[in-house]
Amino acid sequence: MEKKKCPQCKNLILKTSPTCLYCGRPNKFITEEYVKKKWNKDNNKNVFDYIFINKYLVFLLIFVFTIIIIYI
């Protein structure tokens with residue numbers, strides 16, 4: 001793994017690390033897009049809605065099948 005010196009505290013850190021472990025200085029220019037991509041903030045609501053809708057549909061299908069089986 002490649003390492004580089006932190007410009008602020010001069011300790012060695014990995015090039016892939018987002019911040020310095022010693023002083024906390026950001027290693028990369030952190031943008032709003034980077035944060036959303038890293039922490040998946042935009043997709044949390046969509047994933048929850050998708051899972052909720054699928055569970056709701058599965059419940060309806062099972063309910064309909066049980067009613068059909070009872071009447072047959």
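## Overall architecture

Read from the N terminus, the elements of the protein chain follow the order β-β-α-α, and the model that shows this arrangement is a predicted one. The chain therefore comprises two helices and two strands. Strand E1 covers residues 3-5 and strand E2 residues 12-14, while helix H1 spans 32-39 and helix H2 spans residues 43-71.

Of the 72 residues in the chain, 7% count as buried. The exposed surface of the protein chain comes to about 6900 Å², of which carbon and sulfur atoms supply 65%. Where contacts are taken between residues at least 6 apart in sequence, 0% of them join residues at least 24 apart.

## The loop between the strands

Lys10 belongs to the loop that lies between strand E1 and strand E2. Although Lys10 is not a glycine, its backbone has a positive phi, with a value of about 70 degrees.

## Cysteines without disulfides

The structure holds zero disulfides. Cys20 is in none, and the nearest cysteine sulfur to its own, that of Cys9, is 3.6 Å away; because a disulfide requires sulfur atoms within 2.5 Å, this distance does not qualify. With a relative accessibility of 3%, Cys20 counts as buried.

Cys23 is likewise in no disulfide, and the nearest cysteine sulfur, which belongs to Cys6, is 3.7 Å away, so that this pair too fails the cut-off of 2.5 Å. How exposed or buried is Cys23? At 32% relative accessibility, Cys23 counts as partly exposed, since the partly exposed class lies between the buried limit of 20% and the exposed limit of 50%.

## The loop between E2 and H1

Ser17 is located in the loop that connects E2 and helix H1, and because its relative accessibility is 16%, Ser17 counts as buried. Which backbone oxygens does the side chain of Ser17 approach? One is the backbone oxygen of Leu14, which lies 2.9 Å from a polar atom of the Ser17 side chain, and another is the backbone oxygen of Thr19, which the side chain of Ser17 reaches at 3.5 Å.

Gly24 is also found in the loop between E2 and H1. With a relative accessible area of 42%, Gly24 is partly exposed. Gly24 can also be placed relative to Cys9: the two residues are 15 apart in sequence, and their C-alpha atoms are 9.6 Å apart in space.

## The aromatic pair in helix H2

A search of the whole structure finds one aromatic pair. The rings of Phe59 and Phe63 have centres 6.3 Å apart and planes at 20 degrees to one another, so the pair is classed as stacked. The reasoning rests on two limits, because ring centres must lie within 6.5 Å for a pair to be counted, and planes under 30 degrees apart count as stacked.

Both phenylalanines belong to helix H2, and because they are four residues apart, about one helical turn separates Phe59 from Phe63. Their accessibility can be stated for each residue in turn: Phe59 is exposed, with a relative accessible area of 55%, whereas Phe63 counts as partly exposed at 44% relative accessibility.

Key:
Residues are numbered from 1 along each chain as its sequence is written. This is a predicted model: local features need pLDDT of at least 70, side-chain atom pairs count only at pLDDT 80 or more; totals for chains, interfaces and linings use all residues. Side-chain values use heavy atoms; hydrogens and water are left out. Buried means under 20% relative accessible area, exposed over 50%, partly exposed in between (1.4 Å probe, protein chains only). Rings of Phe, Tyr and Trp (its six-membered ring) pair if their centres lie within 6.5 Å; planes under 30 degrees apart count as stacked, over 60 as edge-to-face and the rest as tilted. A polar contact is a pair of N or O atoms within 3.5 Å; within protein, one must be able to donate a hydrogen and the other to accept it, and residues adjacent in sequence count only if both atoms are side-chain atoms. Contact means heavy atoms within 4.5 Å. Accessible areas come from the Shrake-Rupley method with a 1.4 Å probe; for residues, only the protein chains shown count as cover.
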